[in-house]
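Thanks for coming, everyone; I would like to walk you through one chain this morning, and I will put the sequence and the structure on the screen now.

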Amino acid sequence: MTCDPEKVAAVEQLAGQLGVPLYDAGIVKARDGTFALRLRDAGVSQTVAALREVYFSAIPKRMGD
């Protein structure tokens, strides 16, 4: 889930009350930015535009459109 930065504490408190584990996976940024994933020994970086193209064209490509 995502939330406004000002509401992080409230979300953490509610999750704690409900026993829901949380993990901070990153920050939502500009639509025309770059998605970067860092692992221990490697990383991946790709533009959001390229990832959107893959996502929205995957089914039409498989269907032959």
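Val-44 lies in strand β2, residues 43–47, where strands are DSSP runs of E with at least two residues and helices runs of H or I with at least four, numbered from the N terminus. Together with Phe-35, Leu-37, Leu-39 and Leu-51, Val-44 makes up a nonpolar surface patch with about 450 Å² of accessible area; such a patch takes residues with over 30% relative accessible area and no salt bridge, nonpolar side chains being joined within 5 Å, and the areas are Shrake-Rupley values with a 1.4 Å probe.

I should say that this is a predicted model, in which local features need pLDDT of at least 70 and side-chain atom pairs 80 or more, whereas totals for linings use all residues. Residues are numbered from 1 along the chain, and side-chain values use heavy atoms, without hydrogens or water. The mean pLDDT, the predictor's confidence from 0 to 100, is 89 for the chain, with 98% of residues at 70 or more; among the elements, β1 has the lowest mean, 87, and α1 the highest, 95.

That same β1 gives the most to the lining of the largest pocket, namely 5 residues, while α1 (8–18) and α2 (48–63) each supply at least two. The lining divides into 16 nonpolar, 4 polar and 4 charged residues.

Methods: Nonpolar A, V, L, I, M, F, W, Y, C, P; charged D, E, K, R; others polar. Patch = residues over 30% accessible without salt bridge, like charges linked within 9 Å, V, L, I, M, F, W, Y side chains within 5 Å. Salt bridge = Lys/Arg side-chain N within 4 Å of Asp/Glu carboxyl O.
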